[in-house]
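Work through the exercises below with the model open beside you. Try each task before reading its solution.

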Amino acid sequence: MAPSPSPGPSPAPSPGASSGTLGAPPRFFAASRARIFYLVVLALLLLLPLVSESAAVEAVMPVGLTGSALLHVFVLIFFFAFMSQAWNIIGGFAGQLSIGHAAFFGIGAYVSTICYVHLGLSPWIGMLVAAAVTSVFGAGLGLVSFHYGLKGPFFALVTVAFAEITRLVLLHWEFVGAANGILLPFEPDPTFWQFQFKGKEPYYYIALVMMLCSIALVAWIARSRFGYYLHAIRQDEDAAEAVGVPTKRCKIQAIALSAALAGMGGTFYAQYTQYIVPDDMVVGRVSVEILLGAVIGGAGTVMGPIIGAFILIPVGEATRVIFEGGGTGVSLSTLISSDLGFGEKFVAYLDYLASGGGGGLAVILYGVLLMAVVLGMPGGVLPWLSGLRQRLRRRADQAGG
Amino acid sequence: MSLFEASGVTKRFGGLTAVNGVDFRVETGEIVGLIGPNGAGKTTFFNLISGFLKPDEGDVVFEGASIVGQKPSDICKRGMTRTFQIVKPFAEMTVTDNVLVGAFNHHRDAGSARKRARAVIELVGLGPQADKLGGELTVGGRKRVELAKALATEPKLMLLDEVMAGLTPSEVAGMIEVLGRVREAGVTMVIVEHVMQVIMNLSDRIYVLHHGEAIAEGRPQEILNNPEVTKAYLGDSFLADQEAADADKAAWRESQAARDEGDGSGAPRP
Ligand SMILES: Nc1ncnc2c1ncn2[C@@H]1O[C@H](COP(=O)(O)OP(=O)(O)OP(=O)(O)O)[C@@H](O)[C@H]1O
Ligand SMILES: [Mg+2]
């Protein structure tokens, strides 16, 4: 769970070489401190469902938020952390900006759902089928794009186009329910094998495990040859190619793996919401939410997408809770048409945005967050934090000696 | 069988023939110099034989097999690696990780690659800078990283494109020492360099490229005494007076002078 892809067992600085500030001991302690922090957070997350209904938790929670809603927010956080981590492999490590990951997400959801509805295949197996199918789509997209040397904005446009085509196909394909999507058959007495549960707790733990697995996978990649190759590709493809990096193959592998994970995320989402519909899933907003977590937290780092999701999702959910009165607020149109002062109408307008009108307030806040990060912490929150630590240490050293 | 052999290699950019029917041969263990005025086509020739450009005509054979049309990474796997005249360090990686990427060429496992990288870093004298980021280095450091990355791939043949350009005299001396060690390690090299003294001292054999054509080949002393080389290669800087009457050439010279300024490596001196 190291925050940067390269700390590894870093080579001992040659004797008498690197002096002072960056010696081995401080870095070791910093790393282990971060590890302890992550472990504590993990322990709390594991325990949370046990106490989410307790009076103590209810007391400190914002108005209108129940224990079950709290679990829901965390499921969303874990889910988006997982999706951002999937995106991180191609978008962060390999530096190939995809703005179309909602397509893999949507395809994954549809594949496992179709397998379940039409073939009676357990969604657990369907999840693997979804991963296989989306990885083929990812590899195909990469093969075409990278064969023609598409980079930067051009690759991004291809991914956008791919997502839009996917949405249109799903929207007009009667077999998969077209615009109505698919409502998963409700099981009154679901079994584990059916991937349906009565309470939120099982979803909570499944999402948590998926997030942890994605972290473990990416942490492993970051230390492996593949991870170094992807980082090299992101920085200079010619230089990478010159020292033996098969750049095209690596990029295709990266997008295939990334798409496979995103497809698995789609299966989870379908099982969690029990309802999939193209205009809710394969849309730009979802693609952006997926990549935004990684970009805000720190693209190309192991923990960045996780940190990003933990920042992003609560902000999005909070706007909904605050401006929609926890989902029980008065209808917006009545507010606007009613005889109100300017201030109250402004609140009503915020409400309207929050409910998704005109792009949605959450999206505006995401934009503000993104700007703050891009301007204030280039590289994301996590790299900024570790940079801050170094700056502070340097300042302390200067003050001390 | 020669380690490397190019025959009739040609590359045209629109109307300009940047490399024209060049024959080039390297034997195992040699250091071969490749010289020529700015714009002679040296870098283009490297691009052609390392897979970054595809020749219009001609064949490139490495260890008995044609490598025309192969990707640079495949050619690197075979044992031929190049450096870039305009250095390309991985700016956000430490020096160690820069070299590590190269070391992964023949070591899948991170542990043994790291060991290899560390050895190379010591060899090229980058030990003190090992934890710095690629983007933080001075020109001298970047040139060394460029060399170290290539060396870490364990090449049989290394193509060095002006690894000494822009270095201070003491850095040049250091680099010569490093190249000596690399040669002892059994690596064959082709070096492009404008610093004549370096090329003459290091090279076993020298090729002279002029307007894309290989106009001479031979031992350093032979090259020095070759009147054609003196005239063609050194024409613009030494025989300037004699040629001043030629209006066409004067104009051409001006454009070359502009290039020289940008290059920063100064005029070649024998
Ligand atoms: N991609 C390209 N497109 C068009 N012309 C090119 C291209 N690359 C090189 N050239 C031209 O080909 C000629 C040879 O250039 P090249 O860079 O190979 O020379 P060089 O011998 O390496 O020069 P220098 O000593 O300045 O590095 C020059 O006239 C250059 O402008
Ligand atoms: Mg050149």
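The exercises that follow use a predicted model.

**Exercise 1. Chain B as a whole**

Task: State how many helices and strands chain B has, and what share of its residues is buried.

Solution:
- Start with the secondary structure. Chain B has eleven helices and ten strands.
- Turn to burial. Chain B holds 270 residues, and 50% of them are buried.
- Now take the surface. The accessible surface of chain B is about 11400 Å². Carbon and sulfur atoms hold 50% of that area.
- Finish with the contacts. Take those in chain B with a separation of 6 or more: 65% of them join residues 24 or more positions apart.

**Exercise 2. The magnesium ion**

Task: Find which protein atoms are donors to the magnesium ion (ligand 2).

Solution:
- Look for the donor atoms. They are OG1 of B:Thr43 and OE1 of B:Gln85. These donors lie 1.9 to 2.1 Å from the ion.
- Place them in the chain. B:Thr43 sits in helix H1 (residues 42-49) of chain B. B:Gln85 sits in the loop between strand E6 (80-82) and helix H3 (95-103) of chain B. The two are 42 residues apart, so the pair links distant parts of the chain.
- Check the accessibility. B:Thr43 has a relative accessible area of 27% and is partly exposed. B:Gln85, at 26%, is partly exposed.

**Exercise 3. Salt bridges within a helix**

Task: Explain how the partners A:Glu164 and A:Arg167 are placed along their helix, then treat B:Arg181 and B:Glu177 in turn.

Solution:
- Begin with the total. There are 15 salt bridges over all chains.
- Take the pair in chain A. A:Glu164 and A:Arg167 form a salt bridge, with their closest N and O atoms 2.7 Å apart.
- Both belong to helix H6 (residues 152-172) of chain A. They are three residues apart, which means a separation of about one helical turn.
- Compare their exposure with the cut-off for buried, under 20%. A:Arg167 has 16% relative accessibility, so this residue counts as buried. A:Glu164 has 34% and counts as partly exposed.
- Move to chain B. B:Arg181 forms a salt bridge with B:Glu177, and the closest N and O atoms are 3.2 Å apart.
- These two lie four residues apart in helix H6 (residues 169-184) of chain B, again about one helical turn.
- B:Arg181 is partly exposed at 31%. B:Glu177 is exposed at 53%.

**Exercise 4. A salt bridge between strands**

Task: Say where the partners B:Glu217 and B:Arg205 lie, and whether each is buried or partly exposed.

Solution:
- Note the bridge. The side chains of B:Glu217 and B:Arg205 meet at 2.8 Å, N to O.
- Locate the ends. B:Glu217 is in strand E10 (residues 213-218) of chain B, and B:Arg205 is in strand E9 (residues 205-210) of chain B. They are twelve residues apart.
- Read the accessibility. B:Glu217 is partly exposed at 38%. B:Arg205 is buried at 7%.
- Then return to chain A. Salt bridges with shared partners join A:Glu164, A:Arg167 and A:Asp279 into one network.

**Exercise 5. Buried residues in chain A**

Task: Give the place of A:Ala259, A:His101 and A:Gln196, and list what each is in contact with.

Solution:
- A:Ala259 is in helix H10 (residues 247-273) of chain A. Its relative accessibility is 0%, so A:Ala259 counts as buried. Leaving out residues up to four places away in sequence, A:Ala259 touches A:Phe104, A:Thr134, A:Ser135 and A:Gly138.
- A:His101 is in helix H4 (residues 101-119) of chain A. A:His101 is buried, at 1%. Beyond four places in sequence, its contacts are A:Ala86, A:Trp87, A:Ile90, A:Ser258, A:Ala262, A:Ser287 and A:Ile290.
- A:Gln196 is in the loop between strand E1 (182-183) and helix H7 (201-223) of chain A. A:Gln196 is buried, with a relative accessible area of 4%.
- A polar atom of the A:Gln196 side chain lies 3.0 Å from the backbone oxygen of A:Pro185.
- Beyond four places in sequence, A:Gln196 is in contact with A:Tyr116, A:Pro185, A:Phe186, A:Glu187, A:Pro190, A:Thr191, A:Tyr203, A:Gln271 and A:Gln274.

Methods:
Residues numbered from 1 in each chain as written. Chains lettered and ligands numbered in written order. Predicted model: local features only at pLDDT ≥ 70, side-chain atom pairs only at ≥ 80, totals over all residues. Heavy atoms only, no water. Salt bridge = Lys/Arg side-chain N within 4 Å of Asp/Glu carboxyl O. Buried < 20%, exposed > 50% of the residue type's maximum accessible area, 1.4 Å probe, protein only. Contact = heavy atoms within 4.5 Å. Donors = N, O, S within 2.8 Å, 3.2 Å for Na, K, Ca; no water. Areas by Shrake-Rupley, 256 points an atom, 1.4 Å probe, with all protein chains shown as cover. Polar contact = N/O pair within 3.5 Å; in protein donor to acceptor, adjacent residues only side chain to side chain.
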